[in-house]
Amino acid sequence: MRRLGGAVNIVTASHDGVWAGLTATAVTSLSAEPPRLLACVNRQGATYDTISKGRKLAVNVLGVQHKDLAMRFAGMSGEPETKRFEGARWCAAEGAAPVLEDALVSFGCDVENIMDVGSHGIVIGHIHSIKVSPEADYSPLCYVDGNWAQLNSLG
């Protein structure tokens, strides 16, 4: 599965004023009508618990400029989980999941369903809001075979 490259996202959630988040590549579009996405989230983490309780999530698609943030939310930077949201600009409406202000695009979702499969939960989110960054000329951040990468145009 390491050879299956993917876009890098930060999945966030909130419940009772507590924010949680993680780095994920297992995120995909599910349907256009109605607008749905799915994210696979490890059931052992705080983010899964927060998604389950709060029933809200946001998927923040990262650009190459977000590599350090992706590492922090993946637990690769050595910082505690409680400091993941520091050093970046986040916003959230009351009861909503945090949105990264300069993400390439962010999808705000209500949790429609969670299916537990093995070590992960497949979270289906009904997309209720989309925020596209005005700085959309950045390349998306990708991850494949244990390495960070970016897309190059094949022209």
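User: In what order do the three strands of the open sheet run?
Analyst: This is a predicted model. In it, the order is β1-β11-β12, with antiparallel pairing.

User: Which strands stand at the edges?
Analyst: β1 (6–7) and β12 (147–150) do. Each has a single partner strand, so one side of each lacks a neighbour in the sheet.

User: How many bridges between β11 and β12?
Analyst: Four, in the antiparallel sense. In one of them, Y143 has W148 of β12 as its bridge partner.

User: Switching to pockets. How much space lies in the largest pocket?
Analyst: About 760 Å³. The lining has 30 residues. Closest to the centre are T23, A24, T25, A26 and H120.

User: Which elements supply at least two residues each to that lining?
Analyst: β3 (18–24), β5 (36–42), α1 (46–54) and β11 (141–144). β3 gives the most, with four residues.

User: What's the lining like by class?
Analyst: The largest pocket has 15 nonpolar, eleven polar and four charged lining residues.

User: And how much space is in the second largest pocket?
Analyst: About 170 Å³.

User: What lines the second largest pocket?
Analyst: One run of its lining is S14, H15, D16, G17, V18 and W19. G54 also lines this pocket, as do A92, A93, E94, G95 and A96. β2 (9–15) and β3 are the elements that give two or more residues to this lining.

User: How many of the second pocket's lining residues are charged?
Analyst: Two are charged. Five are nonpolar and five are polar.

Note on methods. Residues are numbered from 1 along each chain as its sequence is written. This is a predicted model: local features need pLDDT of at least 70, side-chain atom pairs count only at pLDDT 80 or more; totals for chains, interfaces and linings use all residues. Side-chain values use heavy atoms; hydrogens and water are left out. On a 1 Å grid over the protein atoms alone, a cavity is a set of points where a 1.4 Å probe fits but cannot get out, and a pocket is an open set with protein on both sides within 12 Å along at least five of seven lines; lining residues have an atom within 4 Å of a point. Grid points are joined across faces, edges and corners, and a volume is the space filled by probe spheres set on the points. Ala, Val, Leu, Ile, Met, Phe, Trp, Tyr, Cys and Pro count as nonpolar, Asp, Glu, Lys and Arg as charged, and the others, Gly among them, as polar. Two strands pair if DSSP finds at least two bridges between them.
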